[in-house]
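Good morning, colleagues. Please take a moment with the sequence and the structure before I begin my remarks.

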Amino acid sequence: LHWAAANGHEEIVKLFLDEPRFKEKIDVLQKNNFGRSALTEGFSSSNTKLVGHLLEHDSAEEDRLIGGMKKEDVTNSDEA
């Protein structure tokens, strides 16, 4: 996902995001070994439609986008 986003491959990104087997497992804010998320990589590609697809994914929650939290952090804070 990171590679496809970084290289502007919108259709490949969309395939990953829309595939039912992956939909719940994908986290567009998960960082790679270089500390960059798929969303960050998408921004670097300058493909606004690709970035839009990433932002529309369930894992791109507003609280996480603002605070840089992990998905588990948001889930755990909801339980408290």
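**Charged pairs, core and surface**

Let me begin with Asp18, which is partly exposed at a relative accessible area of 42%; the classes are buried under 20%, exposed over 50% and partly exposed in between, with a 1.4 Å probe and protein chains only. Before I continue, please note that this is a predicted model, in which local features need pLDDT of at least 70, side-chain atom pairs count only at pLDDT 80 or more, and totals for chains, interfaces and linings use all residues. Residues are numbered from 1 along each chain as its sequence is written, and side-chain values use heavy atoms, with hydrogens and water left out.

Asp18 forms a salt bridge with Lys14, at 2.9 Å from N to O. The term denotes a side-chain nitrogen of Lys or Arg within 4 Å of a carboxyl oxygen of Asp or Glu. Side chains of opposite charge can pair when their charged atoms come close. Lys14 is partly exposed, with a relative accessible area of 30%. The two residues are four apart in helix H2, so about one helical turn separates them. Helices are DSSP runs of H or I with at least four residues, strands are runs of E with at least two, and both are numbered from the N terminus.

How many salt bridges does this rule give? The count is four. Another of them joins Arg21 to Glu19, with the closest N and O atoms 3.0 Å apart. Here Arg21 is exposed at 58% relative accessibility, while Glu19 is partly exposed at 23%.

A further salt bridge pairs Arg64 with Asp27, and its closest N and O atoms are 3.0 Å apart. This pair connects distant parts of the chain, since Arg64 belongs to helix H6 and Asp27 to the loop between helix H3 (20-23) and H4, 37 residues away. Are its partners buried or exposed? Arg64 counts as buried at 2% relative accessibility, and Asp27 counts as buried at 15%.

I turn now to the overall fold. The chain contains seven helices and zero strands. Of its 80 residues, 30% count as buried. With contact meaning heavy atoms within 4.5 Å, residues 24 or more positions apart supply 58% of the chain's contacts that have a separation of 6 or more. The accessible surface of the chain amounts to about 5500 Å², and carbon and sulfur atoms hold 52% of that surface. These areas come from the Shrake-Rupley method with a 1.4 Å probe, and for residues only the protein chains shown count as cover.

Next, the interior. A nonpolar core is a set of buried Ala, Val, Leu, Ile, Met, Phe, Trp, Tyr and Cys residues joined through side-chain atoms within 4.5 Å. The largest one has 13 residues, of which Ala5, Val13, Leu17, Val28, Leu39, Leu50 and Leu54 touch the most other members. At least two residues each are supplied by H1, helix H2 (10-18), helix H4 (38-45) and helix H5 (48-56). H5 gives the largest share, three residues. Apart from neighbours within four places in sequence, Ala5 contacts Val13, Ala38, Glu41, Gly42, Ser45, Leu50 and Leu54.

His57 sits in the loop between H5 and helix H6 (62-67). His57 is buried at 7% relative accessibility, and beyond residues up to four places away in sequence its contacts are Leu17, Lys23, Ile26 and Val28.

How many aromatic pairs does a search of the whole structure find? There is one. The ring centres of Phe16 and Phe22 are 5.9 Å apart and the planes meet at 45°, so the pair is tilted. Rings of Phe, Tyr and Trp (its six-membered ring) pair if their centres lie within 6.5 Å, with planes under 30 degrees apart stacked, over 60 edge-to-face and the rest tilted. Phe16 is partly exposed at 31%, as is Phe22 at 33%.

Both rings also belong to a nonpolar surface patch of Trp3, Ile12, Phe16 and Phe22, with about 380 Å² of accessible area together. Patches comprise residues with over 30% relative accessible area and no salt bridge, like charges being joined within 9 Å and nonpolar side chains (Val, Leu, Ile, Met, Phe, Trp, Tyr) within 5 Å. Trp3, in helix H1 (residues 2-6), is exposed at 56%.

I close with Ser46, which has a positive phi of about 65° although it is not a glycine. Most residues other than glycine have a negative phi. Ser46 lies in the loop between H4 and H5 and is exposed at 63% relative accessibility.
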